[in-house]
There are 4 protein chains.
Amino acid sequence: MKEVLIDKLLADPFAKYLGIQVKKVEEGKAIVSVLVKEDFLNFHGAANGGLIFSLVDVAFAIASNSYGQTAVGVNVNINYMKAGIPGDILTTTAEEVSKNHKLGFYRMLVHNQIGDLIATADGMVYRKKEMFV
Amino acid sequence: MKEVLIDKLLADPFAKYLGIQVKKVEEGKAIVSVLVKEDFLNFHGAANGGLIFSLVDVAFAIASNSYGQTAVGVNVNINYMKAGIPGDILTTTAEEVSKNHKLGFYRMLVHNQIGDLIATADGMVYRKKEMFV
Amino acid sequence: MKEVLIDKLLADPFAKYLGIQVKKVEEGKAIVSVLVKEDFLNFHGAANGGLIFSLVDVAFAIASNSYGQTAVGVNVNINYMKAGIPGDILTTTAEEVSKNHKLGFYRMLVHNQIGDLIATADGMVYRKKEMFV
Amino acid sequence: MKEVLIDKLLADPFAKYLGIQVKKVEEGKAIVSVLVKEDFLNFHGAANGGLIFSLVDVAFAIASNSYGQTAVGVNVNINYMKAGIPGDILTTTAEEVSKNHKLGFYRMLVHNQIGDLIATADGMVYRKKEMFV
């Protein structure tokens, strides 16, 4: 992958705002992680569903845009298995399941620092004709 | 609804962190909104999918916990129809579709300030026996 | 709508195989129903999830193809609220939520003959350039 | 697994009606297949989405009920990658992703006879207290 492309994929303002760290970027694949801070909880005291989804979405966006062709998320389905708690480090892996010229499908898994499965998600992108890099 | 319950529903750290404002809370229903700031964009310059989902999730959590009985999100499916842009004010309405003693189903719609449909989502909760208020 | 288009939409072999009846066809909308026969049950004795989904899918396919432009289902998410039982007549309404030149989004609701909500579903299609009629 | 349990899992009327064959049953796992007959097509001439979903649902039901504890499907999300055509033999594998005392999560993959990925699906069940065998 070209450096200019990787730089672009890493320049996500919302990911930075949440302190999401990108651990790995490959064609069709990404690994990202985040620390569950007090600011990221819900009113029950667990990691907010929006935080977990945001982590998933960052991995999904990087993996699906990793060819330099603009990919826009159109559907994501997420299942929550286990709560995240303050201090957890949550890691998401996104992997390409399938793609054709117009659509791409990705599978995301979220684990905590001791390997518990926190959530699973499936995402679909619409692939535009344009290259953004 | 009791004031202590409403206070609890409004005390969501992640919602506050994102500047999400709660406009309406009723049994089985909630309306919330957020301003799309520069910090909330993705690397294509549009509102991050995680931001839109987080807005949806806040409305979903309030609506599903509005009876004082602990409801935990287990599945959410989101479809993105139109991009949000910096300066947009996005509003989500969550409404109860159905519930029984164990599960509850909610429908969320996201619109921008001129009434364009930005996203739709369906969410399911598992309803625990305990009352949190 | 042209008669040749309606004839095409009604000529669905699997819908016929299941005895699914089309009650209404309009642009972006369809209503279909089916009788829950003994052959359509699961091993718990309730209406099979596949039967309910098939009913949903027939309504979805008609509504999304009702412009004569080829629409191909790419994602469907279904939530089951209540079991169907032998002898039930299940009816599904599909309505267009949104569409652009490439994607279309539809919402389906399934009720039984006494108005109980049995299931809800969201479906997305990819819209090809070709017209099939 | 006890024979009486396996017999029960194989006695699905709708699966029989569609000619679905069960290839493998284990705790938390199932493999099933079906021949795409002319009766199973949609009005575009491809395998009906309802047929593919029904295959997925049979595998999901067997895998999630394989402990003898009654499991009821509450949510399924399906992504269609490639069309099935008349004469295809479609095979679905269902595998358990996670379960706790109340909920179970399953992942289904559908392939044709030459190994093309036709569809992926995620399913969630609610696990009742009762044992059906």
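Which residue of β3(B) does V76(A) stand opposite? In this predicted model, the residue that V76(A) faces in β3(B) is I78(B).

## Strand pairing between chains A and B

The facing of V76(A) and I78(B) can be set beside the pairing of the two strands, since β3(A) is joined to strand β3 of chain B, residues 69-80, by 5 bridges, and the two strands run antiparallel.

## The contact of chains A and B

Chain A gives 33 residues to the contact, and chain B likewise gives 33 residues. On the side of chain A that touches chain B, at least two residues are supplied by each of α1 (3-10), α2 (13-17), α3 (49-64) and β3 (69-80), and it is β3(A) that provides the largest share, with 9 residues.

Sorted by class, the side of chain A that touches chain B is made up of 17 nonpolar, 11 polar and 5 charged residues. The strand β3(A) thus appears in two descriptions of this contact, as the source of the largest share of residues on the side of chain A and as the partner of β3 of chain B through 5 bridges.

## The relation of chains C and D

A turn of 180°, with a shift of 0.0 Å along the axis, lays chain D on chain C with an RMSD of 0.0 Å, which is the relation of a two-fold axis. Within chain D, the C-alpha nearest this axis belongs to N77(D) and lies 2.1 Å from it.

Of the interface residues of chain D, 100% are also interface residues in chain C, so the copies meet through the same surface.

Methods: Residues numbered from 1 in each chain as written. Chains lettered and ligands numbered in written order. Predicted model: local features only at pLDDT ≥ 70, side-chain atom pairs only at ≥ 80, totals over all residues. Least-squares fit on C-alpha atoms with pLDDT ≥ 70 in both. Contact = placed C-beta atoms within 7 Å. Helix = DSSP H or I, 4+ residues; strand = E, 2+ residues; numbered from the N terminus. Nonpolar A, V, L, I, M, F, W, Y, C, P; charged D, E, K, R; others polar. Pairing = 2+ DSSP bridges.
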